[in-house]
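I sat down with this model today and kept notes as I went. Here is what I looked up, entry by entry.

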Amino acid sequence: MTSQSSTEYEKYYVPEKSKLAVCATIGLILSTFGAANVMNDMTFGDGASTGSWGIFWFGLFFFSATLFGWFRIAIKENIAGLNSAQLKKTYVLGMFWFIFSEVMFFMTFFGALFYVRTLAGPWLGGEGEGGRMNHLLWEGFQFQWPMALTPQEAVGGVASQPIANMGTFQSYEQSMAFSEAAAWYLWLPMWNTLVLLSSSFTVHVAHMGLLDGNKRKFNLWLGITVALGLTFVGLQVLEYYEAYAHFGLTLNSGIYGSTFFMLTGFHGVHVIMGTMMLLIQWLRSVKGGHFTADDHFGFEASSWYWHFVDVVWVFLFLFVYIL
Amino acid sequence: MGAHHHGPAKGLSRWLFTTNHKDIGTMYLWFSFSMFILGGAFAMITRAELFQPGMQLINPAFFNQMTTLHGLIMVFGAIMPSFVGLANWMIPMMIGAPDMALPRMNNWSFWILPPAFLILASTLFMEGGAPNFGWTFYAPLSTTYAPPSVTYFIFSIHVLGLSSIMGSINIIATVMNMRAPGMTYMKMPLFVWTWLITAFLLVAVMPVLAGAVTMMLMDIHFGTSFFSAAGGGDPVLFQHIFWFFGHPEVYIIILPAFGVVSQIIPAFARKPLFGYDSMVYATAAIAFLSFVVWAHHMYTVGMPVAGELFFMYATMLIAVPTGVKVFNWVTTMWRGSMTFETPMLFCIGFLVLFTIGGFTGLMLSIAPADFQYHDSYFVVAHFHYVMVAGAVFSMSAAVYYWLPKWCGRMYNEAMGKTHFWISFVGFNIAFFPQHFVGLAGMPRRIPDYALQFADFNMISSIGAFIYGASQILFLYNVVATIVAGKPTSDAKTWEGAEGLEWTVATPAPYHTFETPPQVR
């Protein structure tokens with residue numbers, strides 16, 4: 001314990017006072033306040049525009065610009081040599097626990113899916129102890145997954161529904177499940193899985209290249225990863241278009257539509273964020289010449305994030321599309 | 001960053017742009033106290049209405065808004081930020097770190113809180129009124145039947161969840177990465193340990209709360225049916241998700257309080273904490289169990305019997321590690337050379353009243369009995385014994401204990417003791433009778449009640465006013481100390497106090513431990 005005396009201690013960098021936090025706060029609060037206004041205008045308003053979109057977009061722009069500046073400063077500090085080994089460990093811990101919080105966020109939606117599929121759904125359909133209300137409230141509703149007929153439709157639509165509700169829930173014509181696909185090679189989720197799994201592989205190859213000090217290999221494979229990420233987003237957009245235009249599958253399609261769009265939608269948002277993170281690392285490497293074999297945490301954190309969205313997709317593929 | 005020592009900047013920019021853990025801790029503490037006063041004012045309004053049966057002062061709709069905002073503001077605005085403020089001030093000083101691990105993010109975690117609560121409080125003036133569905137915001141009250149202001153409520157929950165997650169990541173990184181050489185995990189002060197475990201809980205469950213309010217948002221505005229049976233969803237799903245967050249949340253509130261008490265009792269008993277290791281393991285056990293007991297809040301919702309039994313037994317298990325803690329505190333005092341300064345009085349008050357709250361919790365954990373107690377004033381009495389006499393008492397103790405270190409001035413002991421005794425007496429007058437009216441069948445969250453509950457409610461209201469008034473004395477004492485308290489420069493304010501925070505000068509310099517101390 002005496003080996004590390006205070007004279008050899010490498011100072012932990014504590015930044016001077018900074019406007020970043022206040023700017024980020026302004027951006028965040030304006031964008032959330034604007035978003036709340038937009039939604040309330042849409043649902044409860046009389047259709048009159050109140051300039052809410054302006055608040056939202058201004059806030060979001062301000063927020064993004066602040067974050068951009070924030071990361072820029074952090075990178076510059078690292079290049080200037082301010083970051084001790086101890087501070088770098090802080091970044092590792094921070095990223096790890098951030099990803100853990102994201103895991104818990106997805107767990108919530110998976111939990112909702114499992115709860116509905118194994119407990120609440122069968123009860124609504126009259127099975128087991130919890131099913132005794134079926135003949136009073138939702139007579140004729142039988143539970144199956146994917147849910148081809150909502151309880152509301154089973155009792156004859158919203159007009160004959162016995163209790164209050166938040167709207168009309170119209171079931172889809174075709175679900176995204178593998179069992180309903182026209183042919184396996186036409187089934188988009190399979191292609192999406194291939195794209196995303198291979199992107200996890202390519203980002204790993206890029207990392208290997210960087211560890212070998214081979215920046216050409218790194219740039220090439222990281223570029224391929226970004227391209228695969230964009231391909232995935234494109235395919236996902238196509239899938240949503242198909243769902244709305246041809247499958248009759250929307251957010252209003254009962255709990256199947258709710259869980260499908262929320263799980264795949266939040267995953268999609270995370271893929272977009274991950275792609276942007278990797279794209280920025282690619283630009284930093286190609287344009288800025290950043291990253292060495294032993295100092296590349298920006299890339300490493302982005303690649304962890306990328307592996308995380310990939311793992312989430314594996315579970316999505318299994319529980320939303322196949323089973 | 002040379003060796004130059006720099007003090008705080010001048011003026012408002014010191015607070016807006018600061019990266020200093022002490023400044024940020026101070027802001028958290030003042031913010032949480034102002035929220036405590038606001039939430040307390042709402043409670044006073046409900047108690048004034050409940051002073052007599054019948055409707056006197058406010059209408060039932062407004063009463064519901066008051067109980068809702070009281071709960072939300074006290075939980076998310078008063079208690080949680082107060083302990084985050086304490087963590088900011090004390091953790092770096094207790095483990096010998098120069099600051100929090102991520103100082104700029106630390107400032108951001110704080111600054112998003114005030115506007116989030118401003119938005120939440122502004123719902124009072126919106127069309128349709130403020131949220132009126134209780135702090136637990138059960139669907140469909142918070143979806144199908146909610147006022148339009150629910151959208152602002154949802155986004156403010158999102159923002160303060162973000163604040164909690166960032167704050168917790170900061171605390172985890174600080175504790176795991178920035179301990180002084182020789183400060184092994186099992187040498188850390190208990191307050192640091194309890195906060196480390198609390199931060200894990202926060203990172204684990206705040207995203208779940210975010211998921212729950214996101215589902216509400218989608219149900220309200222975008223036609224999904226998570227909590228609507230008509231589309232195949234289930235309102236009970238909301239309760240499961242909420243309490244998966246909500247039960248760990250109550251330990252998030254109480255674990256740092258345990259930490260505070262574990263610091264203060266040894267100081268005034270002049271003995272080391274009894275059973276340090278078992279305290280750490282008990283804290284970890286409580287945190288683990290908090291994830292598998294959530295449905296004890298919803299015994300009457302219609303769960304399968306197997307579920308009721310599982311959650312009942314798992315809940316009872318929590319009494320074991322909690323009992324370990326209570327006995328350790330008592331044993332620490334056993335044959336100690338005790339003195340009873342204000343922080344110690346609050347800790348002993350905590351110990352007695354928290355134990356009562358723990359026992360009523362044990363009563364509520366019994367599923368068949370809970371069918372009688374559920375949603376009655378017995379529950380209100382129970383959780384105020386753990387929230388107020390638990391968390392708030394320990395917070396008061398912490399302020400008196402560390403205030404001399406923070407500002408280099410001694411508070412007025414007589415006034416501090418008066419604050420304690422008025423709080424203690426007022427609190428018990430307010431909440432003890434609620435056990436009786438609850439067991440007799442008075443439901444919670446109602447503005448009017450049957451005549452047989454009148455006497456106890458009047459006593460309860462008088463006690464609440466006394467307790468509320470005693471907080472004004474607290475505020476006065478703290479402000480008077482900061483402005484004109486007797487200056488002290490003793491590094492160790494309390495004879496029996498242990499820990500690195502008592503090795504630095506008093507008042508604590510703006511930067512402490514810029515080079516880490518050696519811990520043996």
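**Ground rule.** Before anything else I wrote down what "buried" has to mean: a residue is buried if 20 or more other C-beta atoms lie within 10 Å of its own, and exposed if 12 or fewer do. I also reminded myself that this is a predicted model.

**Helix 4 of chain B.** I tried that cut-off on helix 4 of chain B, residues 103-111, and found nine of its nine residues buried. The run includes Arg104(B), Asn106(B) and Asn107(B) as well as Trp108(B), Phe110(B) and Trp111(B). What covers these residues? I found that the cover includes helix 1 of chain A, along with helix 2, helix 3, helix 5 and helix 6 of chain B.

**Confidence in chain A.** I checked how far to trust chain A: its pLDDT averages 92, and 96% of the residues score at least 70. Confidence is lowest in helix 4 of chain A, at a mean of 88, and highest in helix 8 of chain A, at 97. Over residues 1-7 of chain A the pLDDT is below 50, and this stretch has six contacts in the model beyond near neighbours in sequence.

**Chain A overall.** I counted nine helices and zero strands in chain A. Its C-alpha atoms fill a box of roughly 80 × 45 × 45 Å along the principal axes. Of its 323 residues, 39% are buried. I noted two domains, domain 1 (20-82) and domain 2 (86-118 + 182-322). Their centres, taken over C-alpha atoms, are 24 Å apart.

**Chain B overall.** For chain B I listed 16 helices and two strands. The C-alpha box here is roughly 65 × 50 × 45 Å, and 60% of the 520 residues count as buried. I then asked why the radius of gyration of chain B agrees with a compact globule. A compact globule with 520 residues would have a radius near 24 Å, and chain B has 23 Å, so the two agree. Among contacts in chain B with a separation of 6 or more, 83% join residues 24 or more positions apart.

**Where the chains touch.** I found 67 residues of chain A in contact with 68 residues of chain B. On the chain A side, helix 1, helix 3, helix 5 and helix 8 each supply at least two residues. Which helix gives the largest share? Helix 3 of chain A does, with 20 residues. Sorted by type, the chain A side divides into 38 nonpolar, 23 polar and six charged residues.

**A proline at the contact.** I picked out Pro207(B), which sits in helix 7 of chain B. Pro207(B) counts as buried because it has 23 C-beta neighbours inside 10 Å. Setting aside neighbours within four places in sequence, its contacts are Ser101(A), Met104(A), Phe105(A) and Thr108(A). I also noted Leu162(B), 45 residues away from Pro207(B) in sequence but 8.4 Å away in space, C-alpha to C-alpha.

**The nonpolar core.** In soluble globular proteins, nonpolar side chains tend to be buried together. With that in mind I looked up the largest nonpolar core, which has 260 residues. Helix 7 of chain B gives the largest share, 24 residues, and each of the two domains of chain A adds at least three. Cys347(B) is one of the residues with the most contacts inside the core. Beyond its neighbours within four places, Cys347(B) is in contact with Val261(B), Ile264(B), Ile265(B) and Ala397(B).

**Backbone oddities.** Most residues other than glycine have a negative phi, and most peptide bonds are trans. I therefore went after exceptions to that rule.

- The peptide bond from Trp145(A) to Pro146(A) is cis, with omega near -5°; Pro146(A) is in the loop between helix 4 and helix 5 of chain A.
- Thr506(B) to Pro507(B) is also a cis peptide bond, with omega near -5°, and Pro507(B) lies after strand 2 of chain B.
- Arg335(B), not a glycine, has a positive phi of about 60° and sits in the loop between helix 11 and helix 12 of chain B.
- Phe513(B) has a positive phi near 50° and lies in the segment after strand 2 of chain B.

Are these last two buried or exposed? Arg335(B) counts as exposed, because it has 9 C-beta neighbours inside 10 Å. Phe513(B) is buried, with 22 other C-beta atoms within 10 Å.

Key:
Residues are numbered from 1 along each chain as its sequence is written. Chains are lettered from A and ligands numbered from 1 in the order in which they are written. Helices (H or I, at least four residues) and strands (E, at least two) are DSSP runs, numbered from the N terminus. Two residues are in contact if their C-beta atoms, placed from the backbone, lie within 7 Å. Ala, Val, Leu, Ile, Met, Phe, Trp, Tyr, Cys and Pro count as nonpolar, Asp, Glu, Lys and Arg as charged, and the others, Gly among them, as polar. A nonpolar core is a set of buried Ala, Val, Leu, Ile, Met, Phe, Trp, Tyr and Cys residues joined through C-beta atoms within 7 Å. Domain bounds come from an automatic or database domain assignment. The radius of gyration is taken over C-alpha atoms; the globule rule is 2.2 Å times the number of residues to the power 0.38. pLDDT is the predictor's confidence in each residue, from 0 to 100.
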